[in-house]
Amino acid sequence: MRYLCAVLLPAILLTACVRRQPLQSSGQLTVVRNEAMLPAPDRNDLTAGDRPSLIGPLDTLQVDVFNVPELSREMQVDASGRISMPLVGTIDARGKTAAELGSAIESALRGRYVRNPDVTVNIRSSVSQVVTIDGQVVEPGLYPVTNQMTLLRAIASAKGLSEFARDDDVVILRTVNGRKMAGLYNVDAVRRGIYADPAIYANDVVVVGDSPQRRMFRDLVSLAPVLAAPLIAILN
């Protein structure tokens with residue numbers, strides 16, 4: 001027990017003495033001090049730039065053909081990324097936006113069946129536009145990607161970081177033009193506004209790293225119940 005105390009207490013005291021450096025303004029960040037009020041956002045700040053929402057296998061679509069109710073229906077994209085419609089036949093929907101698919105259906109109908117077709121396509125639900133969140137989060141899994149998905153929002157979707165997460169070791173894996181790429185991020189720095197919250201796109205994989213030091217710290221505490229009360233007092 002004496003040996004354990006000699007090893008554990010310096011670590012506890014060192015942890016207690018660590019203090020975060022205060023935020024400083026930079027080219028990307030303006031720090032507002034306590035004596036000033038944080039200004040309200042303007043209209044442009046409240047909207048995010050559009051990202052194309054692409055159709056994929058097993059997505060559910062609503063197709064409406066104006067003045068032709070017989071052709072208007074809800075349908076599911078098949079596993080190969082195609083849809084089938086009366087008079088139109090089979091159309092490849094994979095990788096198209098809703099507007100692009102609507103134009104393709106209009107082209108198939110124009111002249112032969114409908115004089116001036118007006119087709120509207122809406123994505124009712126998507127199972128193809130997802131991000132994989134793995135590693136040290138509370139609930140790893142597949143989550144839908146919204147138009148404003150970012151790294152912090154993705155982690156929040158997975159119920160946040162777990163007890164043993166290493167917030168300076170978060171990797172985003174992405175395929176760009178057929179090339180696999182990886183970006184390393186510090187979630188704590190993003191939370192504090194030191195740099196921008198990176199965007200998350202469909203098919204990204206987010207992996208939150210593991211902290212062996214936190215596991216070792218937990219194990220040491222569990223081996224020394226006598227020190228548990230002083231530890232809580234010091235850390236608080």
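These exercises work through two cores and one polar residue in a predicted model.

**Exercise 1. Find the members of the largest nonpolar core that touch the most other members, and say which elements supply the core.**

Step 1. Start with the core itself. It has 21 residues. L61, I83, M85, L101, I105, L109 and V121 touch the most other members.

Step 2. Turn to the elements. Those giving two or more residues to this core are strand 1 (60–65), strand 3 (82–85), helix 2 (98–109) and strand 5 (119–125).

Step 3. Pick out the top contributor. Helix 2 gives the most, with 5 residues.

**Exercise 2. List what I83 touches beyond four places in sequence, then locate another core.**

Step 1. Leave out residues up to four places away. I83 then touches L61, M75, Q76, V77, G89, T90, I91, A93, L101 and I105.

Step 2. Look apart from this core. Another core of 17 residues lies there, and its members include V131, L151, V170 and V187.

**Exercise 3. Is Q62 buried or exposed, and what does its side chain reach?**

Step 1. Place the residue. Q62 sits in strand 1.

Step 2. Apply the cut-off. Buried means under 20% relative accessible area. Q62 has 16% relative accessibility, so it counts as buried.

Step 3. Check the polar partners. The side chains of Q62 and D64 are joined by a polar contact of 3.1 Å. The Q62 side chain also reaches the backbone oxygen of R73, at 3.5 Å.

Step 4. Add the wider contacts. Setting aside neighbours within four places in sequence, Q62 contacts R73, E74, T120, V121, N122 and R124.

How values were computed
Residues are numbered from 1 along each chain as its sequence is written. This is a predicted model: local features need pLDDT of at least 70, side-chain atom pairs count only at pLDDT 80 or more; totals for chains, interfaces and linings use all residues. Side-chain values use heavy atoms; hydrogens and water are left out. A nonpolar core is a set of buried Ala, Val, Leu, Ile, Met, Phe, Trp, Tyr and Cys residues joined through side-chain atoms within 4.5 Å. Buried means under 20% relative accessible area, exposed over 50%, partly exposed in between (1.4 Å probe, protein chains only). Helices (H or I, at least four residues) and strands (E, at least two) are DSSP runs, numbered from the N terminus. Contact means heavy atoms within 4.5 Å. A polar contact is a pair of N or O atoms within 3.5 Å; within protein, one must be able to donate a hydrogen and the other to accept it, and residues adjacent in sequence count only if both atoms are side-chain atoms.
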